[in-house]
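Please read the following note with the sequence and the structure side by side. The points pass from the whole chain to one part of the fold.

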Amino acid sequence: MELNEHATQEVVTTALREDVGSGDLTTKLLVPQDRRCRAQLLLEEPGVVCGVSLAAAVFQRLDPTVVLTPATDDGTRIETAPAVVAELAGPAAAILTGERTALNLVGRLCGIATLTRRYVDQVAGTGVTILDTRKTTPGLRALEKYAVRCGGGTNHRFGLDDAILVKENHLRIAGGIAAATAVLANHTAGITVEVEAETLDQLAEALEAGVTRILLDNMTPDQVAQAVELTAGRAKLEASGGITIGTVRAYAETRVDFISVGALTHAARSLNVSLEVQ
């Protein structure tokens, strides 16, 4: 569940450039360069902690002598808030300049991890796997998918280059499921291939073509249950499309293998995180 170091540094560089620009005018005028302080990073509402190491990267980019000591691990569920998630010590100027960038990033990742945990909790005991999608914030995909893992979810493909997902528009251009799978059969050794089916007839066509992973797009729970029965274990099935926290349990009880939820990343609310100088 490690956070990608390269992605972290890229995001931190871009975020600080955006926020600090040519310099923090307020801090330069009010905070002596030799002033040191201690501070606490707090989660102000119940939720799942995520992104503490990202906050450390922000402060240490501004001054390597800033020390951030986590009080909890990423993935920890906080029931009683406010709760201290990290302690900071170091040059006051760096801590104040990096405050907003760190809080924005941590709040965003905590929100995704918390929403993911809600979905995972809703399907507990069914054996279904909750997946994310590529509906992420441009430039933040590695971080947001990390937050999904911290919330107990599983990452679907990271990008277009690590798996094949044949969607509706691909099928229209390729000439349908049979034609598309015939082309892919000679070029996909060792690569996961998944084909989208919008109807039970398309599901039957995909099964006939030997597809072993099928995405059931925008089907109702009843339709998904029929798809599971029709498939009879011949392929792994993924339900997707408009599945909410209120309906995810019904989908899970169909015995589908996977449920993918774009809302984990595109609709998560950032949690309230604060920094208080001691």
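**Note on the predicted model**

1. The protein contains 11 helices and 12 strands. The coordinates come from a predicted model, and every remark below should be read in that light.

2. Concerning overall dimensions, the C-alpha trace spans about 70 × 40 × 25 Å along its principal axes. The protein has 278 residues, of which 50% count as buried.

3. Which residues account for 71% of the contacts with a separation of 6 or more? They are residues 24 or more positions apart in the chain.

4. The protein exposes about 13700 Å², and carbon and sulfur atoms supply 51% of this area. As for charge, there are 25 positive and 34 negative charges, and their mean positions lie 2 Å apart.

5. One open sheet deserves attention: four strands form it in the order E3-E5-E1-E12, with antiparallel pairing. Strand E3 (67–70) and strand E12 (273–277) each have a single partner strand and stand at the edges, so one side of each is left without a neighbour in the sheet. From one strand to the next, the twist averages 20°.

6. Within this sheet, strand E1 (residues 36–43) pairs with strand E5 (residues 83–91) in the antiparallel sense, over eight bridges. A position to locate in the display is Ala-39, which stands opposite Leu-88 in E5.

7. Helix H3 (residues 52–62) packs on the sheet and touches E1, E3, E5 and E12. The direction of helix H3 makes about 170° with that of E3.

Definitions and conventions. Residues are numbered from 1 along each chain as its sequence is written. This is a predicted model: local features need pLDDT of at least 70, side-chain atom pairs count only at pLDDT 80 or more; totals for chains, interfaces and linings use all residues. Side-chain values use heavy atoms; hydrogens and water are left out. Helices (H or I, at least four residues) and strands (E, at least two) are DSSP runs, numbered from the N terminus. Buried means under 20% relative accessible area, exposed over 50%, partly exposed in between (1.4 Å probe, protein chains only). Contact means heavy atoms within 4.5 Å. Accessible areas come from the Shrake-Rupley method with a 1.4 Å probe; for residues, only the protein chains shown count as cover. Lys and Arg count as positive and Asp and Glu as negative; His and the chain ends are not counted. The place of a charge is taken as NZ of Lys, CZ of Arg, CG of Asp or CD of Glu. Two strands pair if DSSP finds at least two bridges between them. Axes are lines fitted to C-alpha atoms, for helices over the stretch in contact, and angles run from 0 to 180 degrees between N-to-C directions.
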